[in-house]
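I opened this entry to look up how the chains meet and how the domains inside each chain pack. My notes follow in the order I took them.

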Amino acid sequence: MPFDTTNPEKFRAEIRAWLAENCPAEMQDGDTTADSICWGGRNWTFQSDAQKQWLNVCAENGLTCPTWPQEYGGAGFDRDQEKVWLSELDRINARLPLQSFGIWMLGPALLHFGSHEQKLHYLPPITRGEIRWCQGYSEPGAGSDLASVQSKGEDKGDHWLVNGQKVWTSYADKADWIFALIRTDKDAPKHKGISFLLFDMQSGGVSTRPIKLISGASPFCETFFDDVKVPKDQIVGTENRGWDVAKYLLTHEREMISGGGSGRGAGRSLAKVLADAGHDLSEASLRTEAIACDIEEMSVALTIERYKDQAAGGKGVGDASAMLKYAGTELNKRKHELFMSAGGSEALQWDGATGSLPADWLRTKANSIEGGTSEVMLSIISKRVLGLPG
Amino acid sequence: MTNLTLNEDETMLVDSARGFLDEASPVEKFRELRDAGKAYNPELWKQMADLGWTGVLVPEDQGGIDMGHAAANLLAQEMGKTLVSSPFISTAVMAATALRQVADNPRAAEALAKIASGDLTYALALDEGVKHAPSKTQMQAERVGNGFSLSGEKTFVVDGGSADRLLVLARTGDADDALTLFDIPADRDGITRTAQNMIDARDSAQISFDGVEATGEDVVGTVDQAMSVLNPALRAGQAALAAEMTGLSSGAFGMTVSYLQERKQFGVLIGQFQALQHRAAHLWSDIEVTTSTIANAGRMMDEDPENAALAVSLAKARACQTAKLAVMEGVQMHGGIGMTDAFDMGFFMKRARVAQEWLGDYGYHAEQIAKIKGY
């Protein structure tokens, strides 16, 4: 650990010096678009030497997952230190060294529910970008009603025999391992018969089929399990109590989709869209909407910060995270409508000067569906936060 | 690092404020004032002074508790929840913020001490038209001998009818910002105050100045440089008002959710209808998001005042939108009863409308944000 965490001012100076020495210039381009993300994994092809170097030097120092404990590959930073780290990254427009479902979702769930051995086994490869995870949650008959999952695991003594189908599995065709909700007791009430299982995507009987979306891309897959053998120690938490893990993980997923997962996430700037399209803000409705979106963006970002501060202070956010998901995703859709409008006809071409904007615009439409729809979020708030009758 | 949650002192302040106000100034007290045609209750003001609230922004040297803007905002937020009517924002927030910048002046120091002890109230006589626009000030302060002669009209001066003293903004030069701030007693010769019958039943006055004499002593800070003392005071007032409006939104929302949980139609509680549940959940989300902007404005003013303008305009802009939504949903979800004078929701709606206009509405602050952002 090269940083003095006992003295805040010294800490910032050391982070700054470390970045100056270790962050490659190519990684300081402020690019936060989907194409620039480093996902890692067995099959990952680095886009540049700089991307590889940046990942490795961060991983060696626990900085891909700075708040995780050092023994599991993190840097052991507290909330204030994490803020310093992120603000110093922002200051030099640095890219994040690594992003993944392992970092955003499985990691937090394992840190909360996993055994010490499981943490030692699964977390360090996530921090080094060696294993890429995907999430096996939704099924054809279990969307908003997620607890209705039917994929089943039969108890065969030392393993479960898993059969069924998942859908909307993000990047399943590129992932190394999956964390999946599997029904291990078909007679129990629907929330009480689910287990949270982990298994290798190279296991016999696992296959994937990408789904082509309206954006032309195929980030989601159908995933099939046909007599997949899952060893008994590859379960997180207790048998048939996987819903507790699933719910805990969903709160992290919601924060991520709201834009809070990376702690940054301003993404594309309106000024750049306008410049790329040769447009300006002279039109009254465009300017009005730009200001309104700015107000919303700053306000939602502050709310994400406030909730994180609250969580760091030991007061759980719990069901209120549904609000971050709702507000963040609705805002993201609104912003992309503005971007498309600002881009004009230039943004109507798949390969125009605005780059991936049209595909990104279409992609945002899923934000308010995945991880629980906006309507499900509002129902969670009304029932569990406001206590309105069911 | 800036932390947007309440610290221990702030949590205690909020808890004690809520406890005190629930007892001393629930919404019924506002109704009594309205029915009696009174703007505020001087006894309550004295109690607020005893609790240290009127001195929340007054330095300890002048007898204040000097807890900072975040704390002042929290007090305003609690007052908003039960529609507490008092000169808190004019006097304890804005006048105190203006005067403490010149606290090395003995007269300002004395005034600050009297604000803290609850013995002096102020109003800020700034605007001359229907919209907040201090830079458009036309009122002249003509140089006469060693002093000035003030002539012109100020309007919608909040707390202007009851205030002991006025901070008056007047033009002393041709340049746009050649403005000077005067601190004068409200009963000085040549001043005529006319009450304005406001929808929120609070104190607002039209004030005419007819050759009112002012001395060099009456100038707050430096001649021609009013904005250097006034800007921080305006920001403090805007943030506190945004906080009051957020408290008001929570108050209206609390009544509305309670109603959804008790009112039956078609044989069921109306809170079971998803159409209303989702609207209530949306409004709750909106109040939560605005609450974050209030916390941020307080922290920025306390920790980085030079760069607080964006944070304050953000808070006021969003608080205007939230309060509007909260009172509209409040009346709609209450149905007919929400339209009656006997029910309190109308008070929230009328106060929200006045508070939107005071010190700049959504449009004013959206424009400030656009300018800061370079649009």
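**Domains of chain A**

I started with the domain assignment of chain A, which gives domain 1 (8–99), domain 2 (133–242) and domain 3 (258–384). I note here that the model is a predicted one.

I then looked up domain 2 and domain 3 of chain A. Their C-alpha centres are separated by 30 Å. Four residues of domain 2 of chain A are in contact with seven residues of domain 3 of chain A. The two domains bury about 470 Å² between them, and 71% of that is on carbon and sulfur atoms. On the domain 2 side, A:Ser144, A:Ile214 and A:Ser215 lose the most area to domain 3 of chain A, together 73% of what that side buries.

I checked for charge pairing next. The rule finds zero salt bridges between domain 2 and domain 3 of chain A. The count of residue pairs in polar contact, both at pLDDT 80 or more, is zero as well. By class, the side of domain 2 of chain A that touches domain 3 has two nonpolar, two polar and no charged residues.

**Domains of chain B**

I went on to chain B. Chain B is divided into domain 1 (8–121), domain 2 (124–224) and domain 3 (227–373). I took domain 2 and domain 3 again. In chain B their C-alpha centres lie 30 Å apart.

How many residues of domain 2 of chain B are in contact with domain 3 of chain B? I find 14, and they touch 16 residues of domain 3 of chain B. The area buried between these two domains is about 1,400 Å², of which carbon and sulfur atoms give 72%. B:His132, B:Ile199 and B:Asp200 lose the most area on the domain 2 side, together 38% of what that side buries.

B:Asp200 came up a second time. B:Asp200 forms a salt bridge with B:Arg351, and the closest N and O atoms are 2.9 Å apart. Across this interface of domain 2 and domain 3 of chain B, the rule finds three salt bridges. It also finds three residue pairs in polar contact, both at pLDDT 80 or more. The side of domain 2 of chain B that touches domain 3 has 10 nonpolar, one polar and three charged residues.

**Between the chains**

Last, I looked up the interface of chain B and chain A. I find 37 residues of chain B in contact with 38 residues of chain A. The size of an interface is often given as the accessible area lost when the parts come together. For chain B and chain A, I noted about 3,300 Å² buried between them, with 64% of it on carbon and sulfur atoms.

The rule finds four salt bridges across the interface of chain B and chain A. I wrote down A:Arg306 with B:Glu288, where the closest N and O atoms are 3.1 Å apart. The count of residue pairs in polar contact between the chains, both at pLDDT 80 or more, is 17.

Which elements of chain B give two or more residues to the side that touches chain A? They are α7 (226–260), α8 (274–303), α9 (309–334) and α11 (362–373). α8(B) gives the most, with 14 residues. By class, this side of chain B divides into 18 nonpolar, 15 polar and four charged residues.

Conventions:
Residues numbered from 1 in each chain as written. Chains lettered and ligands numbered in written order. Predicted model: local features only at pLDDT ≥ 70, side-chain atom pairs only at ≥ 80, totals over all residues. Heavy atoms only, no water. Contact = heavy atoms within 4.5 Å. Buried area = accessible area lost by both parts, 1.4 Å probe. Salt bridge = Lys/Arg side-chain N within 4 Å of Asp/Glu carboxyl O. Polar contact = N/O pair within 3.5 Å; in protein donor to acceptor, adjacent residues only side chain to side chain. Helix = DSSP H or I, 4+ residues; strand = E, 2+ residues; numbered from the N terminus. Nonpolar A, V, L, I, M, F, W, Y, C, P; charged D, E, K, R; others polar. Domains from an automatic or database assignment.
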